[in-house]
Structure formats: C-alpha cells, structure tokens
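Here are a few exercises to help you find your way around a new structure. Try each task yourself, then follow the solution step by step.

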Amino acid sequence: MTKRLLASLAALLILASPAAGARKSKSNVLDLKNSVSDSSIVFPEAFERDSQRLLEGWYMRNYTSLDPDAPDPGNPQVSDDMIRRRLAALPTVIEMPFNQVVRSYIDRYMERSRKQVSAILGLSNYYTPIFEQALEERGLPLELKYLPVIESGLDPNAVSTHGAAGLWQFMLATAKGMGLEVSSLVDERRDPYASSAAAADYLKSLHDTYGDWSLAIAAYNCGPNAVNKAIRRAGGDPKHHDFWSIYEYLSPETRGYVPMFIAANYVMTYYPEHGISPVLPTKPLVTDTVHVADRVHFNQISKVLDIPVEELRILNPQYRADLIPATAGRQYTLILPSRQTQAYIMSQEDILAYEAERYARRDQAEPGDEAPLSEEPRIVVSQIPVAERPEGSDDQGPTIAAANASSRSDNAVSGGKTIVHKVAKGETLAAIAQAYGVTASDIRAWNHLRRNAVRAGQQLKIQPSASYQANNGNSRASRASETKTNATQSASVASRAAQSSAQSKSTASKKNQKTQKAQPAKPQSHEIKNGESLSSISKKYGVTVEQLKAANGLKNDNIRAGKSLTIPVKGTSGSSGKATGSKKSKKSSSKSSKSSKKSKKRR
C-alpha cells in the first residue's frame, strides 16, 4: 500500500514539473488557427473609406434603389459554434477555419458596416462575373473573387496611402511586371477585366511558389519577401508551413488579412441570416465592348450617343483623363451599355467629327502658334466680329452670322443685356472683367468656365455694368471714326459721330500737329517681338488693327515673332502708304510746318 502511494505521488510530481508542463502545453502549431485571439491586428483602411464613397457615387444614385430610411432589423446574435458550422459548410477549396480574429471581422462587417455591405452586394452583381471568369480560365478557386471586397470595397478608383490602385490594389511595379499599362492617360489597374486577369495570374504564380493558398493570399497582401522572412524566422521545413504557423512573425496588418478574407466569404454568403439586403438595381447594367482605333474624348461620345459622361467613367475607369488615346497601331477597348454599342459603330465618324478641333492634339508647333482649344465650353458666334472685320473681306461664310451677332450685341448694350467679346492675344480674364466693370467670376458663370484661362479668339458672353454702358457710346463713335469704311455701323453711332463733328473740326489743327510729330510721313517697318499682338502693336503706333491687316495683307490676327510689319501712316486706310487727307488737312499740315519752323527759330 505504501509503495503504491509513493508511486502515485512520484507520478504527480513528474506531471507537475515545469518540463512536463512544457511538453504538455506544446500543442501542434496549426491549432493556432482555431484559438488565436489578437488585439493588435490592423484593419485595412480601404474597406470602410472606399465603400462609403461608393454609397455616395453616381452609380448608386442612378442605377440602384437605396432607401436610407428603410428599417434595419439589426444584427442578430449568432453563437461562435453557429459561425464555425457555417464556415465549414462553405463549398471552398481554401480552408476557412474559425477563431476570434475571424469573429471580430465578421462582427465589424455585420454591425458597423451594414450599409457598405449592402452596397457591395449590389455592385457584386456587375463585378463578380468578371472576377469568376478570370479565375475559372486559370483553374483557381472561385472563393478568391472576394479578395477585391477587402482590398478596395469594389471601388475601381480606390487608391491606398501606399499608392496601390484599382479593384485588386496593385502597386505600380507589380502592375507593370504583370503587363498592365500605367501612364498619365491610361491606368489598367482600374480596368476590371485587365486587372482581374493580371490578379489571377499573380495569385496562380504565388500558389505555385508556396503550394498553400493561405500563404499565397498573405504574400498577395505583403509581398513574397515578407512571407519568406516570416518562414525563415519560424524555422523548420518551409514546405510544412502555412499562414497560421508563421502568424506571429508577420506584420500586424498582414495578420488580419487572411482572417478578413475568411470573414468576407462568410458575409457575402450568409448576409440574409444577419438581416442585410443588397441594394436593388433600377436599370439593367448589361454591357458590351467595342474596339477603338482613333483618339476620342468621352465628351464626344457622350454628346453624340446621349450617354452621361459619369456612366462612361463608371464603365471605363482606366481612362484617367476621359480620353482614349487610341491609334491605328494601338487600339483600346471601350465598354458601353449593350444598347449603345451598335449606335457607336454606326456613328463613329460623327463622334470623331464632333468638335474635333477642341480635342485635337498638335503633332507640330511653331513659335507664335495659337494654343489649342481648351476643355472649356466654346461659344462660337462668328469668326470675326463685324466691328473688326477688314474692309473688302470676301469671306461670306460667317458674315451673316456676324451681322446678326452685331445687331444682338447692339441691342444688348442699349438694353442692358449681353454682348459678345472676342479675346485678344495677351488678354486675361481679369483684364476683360475690369474693362466691362464686372468680376471674373461673373464671366466664368455666364460662359460656364471652370477656370480663369482664356484663349485668343475665344468668344465670351458678357453683361456689362451700367457705367460701361453709359460710356460705351463714345467708344463706339471713336471706333467708327477710325475705321471710316465700316458699312455696317448703326444709325445711332452715326448720329453721335455727327453731333461731335463740330467739336472735332475746331481741334483738327492741334491733332494734326501732334500727328505730324508722332508719325513719320512715310510708312515704317516694325519687327514683331515675342508676346506682341496686332492689338498691342496698333496701340503703340496709334493705328487700328484693321489698318495693320490691310497694309500687310493679313486675313487673320495670327502673327509670328521675327517677322516685319509695315506700319501705315496714321489716318490712312492702310491699303497704300500714301496719305489720303482732304485739302483742309494739307493746309493744316502746312500751317503745322510753319509753326514748327517758328519754334526752331525761337530755340
């Protein structure tokens, strides 16, 4: 009896020893997947941020029914055992173990992010078939289709703080290594089809490397180098490791990645059991693809086919500047609603011709060339306003439109309405606004401009201030007296000019004296400098733009630096360099010469 008691006590001492306790507590490291509880994991930023933006996006507002006032039954209480059984029932190749980290992600989805989950479920109707096709073509597990849920919240324009972009959140170097195009105009990381194919290829290569899907998924998140380092730190045979065996050697962010992937599979399958309903589509989003071989802007497609630009952006997020830079040697794809694909094919010429100059790209430029048209809306009234049209012009195309525009402008000025201003080279929006007594923001609003940039030749609708309209009569009369040959001047301008003729006669002698001193008797030559325009040169020499154009045979306002211009004698028509004044003007000039001789004697 005593021997038995002693033996029992010895056994108890052995079991209670530290070494024995250590051997007993040393369980298989793979059991960690079912018992891990980690409060230091980092929840990825993309899900809540990007999916919240989707809730406010154009697609949700125009293609789905999302009632913010709909009653929410709330998240029912579900036991750990129930979640474990549901995960085990998922028809997946990739293992879906349950632990408290997985549970924390499921609760985060089902409690804090219920609206985002509802939106993602609605978007999955469009994106999931694209993901499944890419995975199926390569023989990969279809449950990988939920990786974009945790990567981007199904937002193709999602960009992380580290620069990863698109549905699958490719870094720039990885994307280019997988053959995706990334440039200022095209980013195929945002293309649902191209990025899904590249992601499937990348996942396949990672699985071929590690032979385990949990390690491949972890490497997709943090990169193969981080996973290889964790395997080396864990020790043992690398072939016998999986995500859970190297869990403690991974960064906090990567530790939560595989559990979040498991939670996403659970949420996207069992959302009805948690009282979540997907948003309902109000329009069928059935699409088709066409190939584009010519450079085309979304606005051209939108205007001709009557498709909202926002819809084109939703379907083609890879085009970063609303521009498809296609050429004959480099074609691109364009996704359209299926009902519009045939219309696009039939209307290609009309689409390319729509405001072609506005969206054209120069392949050659010379100093002094005008800048190409901007993206701002244009208001084309005429090529040359009537007040600035050179005499004898045989360009009859815009003449009628210009005359109508002139009459509208005259009525607008007299009635306090709208006039049309043609921007001269070197003019700024601020200077134009000051000249008309208005603000730059007023002009932007009247012409639907997004910024203050204006271009030479641009037509602006302006509603001048009352003070400008009060003084406008004198300036128009002065301009009419300078041109003299403008046959379209109005009767009101002529009457005002007649009323002021008496005063002008009394001061003619003084003006002629100044003219003789400031202007030589013969035309002179002027070499054009950079930044100069016909307007600035005409002001410098006291002549009109039309006299300069007539004297030099110019059909438009375009001039180049380095060229020479003939400056006509002030007061002439500009067609010849000879003065055409009346006898009175000759007498006044002789008087002025005599007066000049007297002034010399006095000196």
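Two residues are in contact when they have heavy atoms within 4.5 Å. Please keep in mind that this is a predicted model.

**Exercise 1. Get an overview**

Find how many helices and strands the chain has, and what share of its residues is buried.

Solution.
- Step 1: The chain has 30 helices and 10 strands.
- Step 2: Of its 603 residues, 40% count as buried.
- Step 3: Now take the contacts between residues at least 6 apart in sequence; 68% of these join residues at least 24 apart.

**Exercise 2. Two helices that meet**

Work out how H12 and H13 are placed relative to each other, and which residues meet.

Solution.
- Step 1: Two packed helices are described by the angle between their axes and the distance between the axes.
- Step 2: Here, the axes of H12 and H13 cross at roughly 125° and come within 7 Å.
- Step 3: Angles of 65 to 115 degrees count as roughly perpendicular and those over 145 as roughly antiparallel. H12 and H13 are therefore oblique to each other.
- Step 4: From H12, the residues Leu 215, Ala 218, Ala 219 and Cys 222 meet Pro 224, Ala 226, Val 227 and Ile 231 of H13.
- Step 5: Sorted by type, the residues of this contact are 8 nonpolar, no polar and no charged.

**Exercise 3. The two sides of H13**

Determine which residues of H13 are buried, and where they lie around the helix.

Solution.
- Step 1: Helix H13 runs over residues 224–234, and its buried residues are Val 227, Ala 230 and Ile 231.
- Step 2: Seen down the axis, these buried residues fall within an arc of 100°, so they line one face of H13.
- Step 3: Turn to the other side of H13, and you find Asn 225, Arg 232 and Arg 233 exposed.
- Step 4: The cover over the buried residues of H13 includes helix H11 (192–210) and helix H12 (213–222).
- Step 5: After H13 comes Gly 235, with a positive phi near 75°.

**Exercise 4. Repeat the analysis on H23**

Identify the buried residues of H23 and what they pack against.

Solution.
- Step 1: In helix H23 (residues 440–447), Ala 440, Ile 443 and Asn 447 are buried.
- Step 2: Their arc around the axis is only 60°, which puts them on the same side of H23.
- Step 3: These buried residues of H23 pack against helix H22 (429–435) and strand S8 (459–462).
- Step 4: Just after H23, His 448 has a positive phi of about 55°.

**Exercise 5. Positive phi in a loop**

Look at Leu 154 and Gln 169: in which loop are they found, and are they buried or exposed?

Solution.
- Step 1: Most residues other than glycine have a negative phi.
- Step 2: Leu 154 is not a glycine, yet its phi is positive, about 60°. Gln 169 is not a glycine either, and its phi is positive at about 55°.
- Step 3: Leu 154 is in the loop between helix H9 (147–152) and helix H10 (172–177), and Gln 169 is also in the loop between H9 and H10.
- Step 4: The cut-off for buried is under 20% relative accessible area. Leu 154, at 1%, therefore counts as buried, and so does Gln 169, at 11%.

**Exercise 6. An arginine and its contacts**

Locate Arg 295 and decide whether it is buried, exposed or partly exposed.

Solution.
- Step 1: Arg 295 sits in the loop between strand S3 (287–292) and strand S4 (296–297).
- Step 2: With a relative accessible area of 30%, Arg 295 is partly exposed.
- Step 3: Residues that Arg 295 touches include Leu 323, Pro 325, Leu 352 and Tyr 359.
- Step 4: Arg 295 and Leu 352 are 57 residues apart in sequence, and their C-alpha atoms are 8.1 Å apart in space.

Conventions: Residues numbered from 1 in each chain as written. Predicted model: local features only at pLDDT ≥ 70, side-chain atom pairs only at ≥ 80, totals over all residues. Heavy atoms only, no water. Buried < 20%, exposed > 50% of the residue type's maximum accessible area, 1.4 Å probe, protein only. Helix = DSSP H or I, 4+ residues; strand = E, 2+ residues; numbered from the N terminus. Arc of directions from axis to C-beta. Axes fitted to C-alpha atoms, helices over the stretch in contact; angles between N-to-C directions. Parallel < 35°, antiparallel > 145°, perpendicular 65-115°, else oblique. Nonpolar A, V, L, I, M, F, W, Y, C, P; charged D, E, K, R; others polar. Lists of a residue's contacts leave out its neighbours within four places in sequence.
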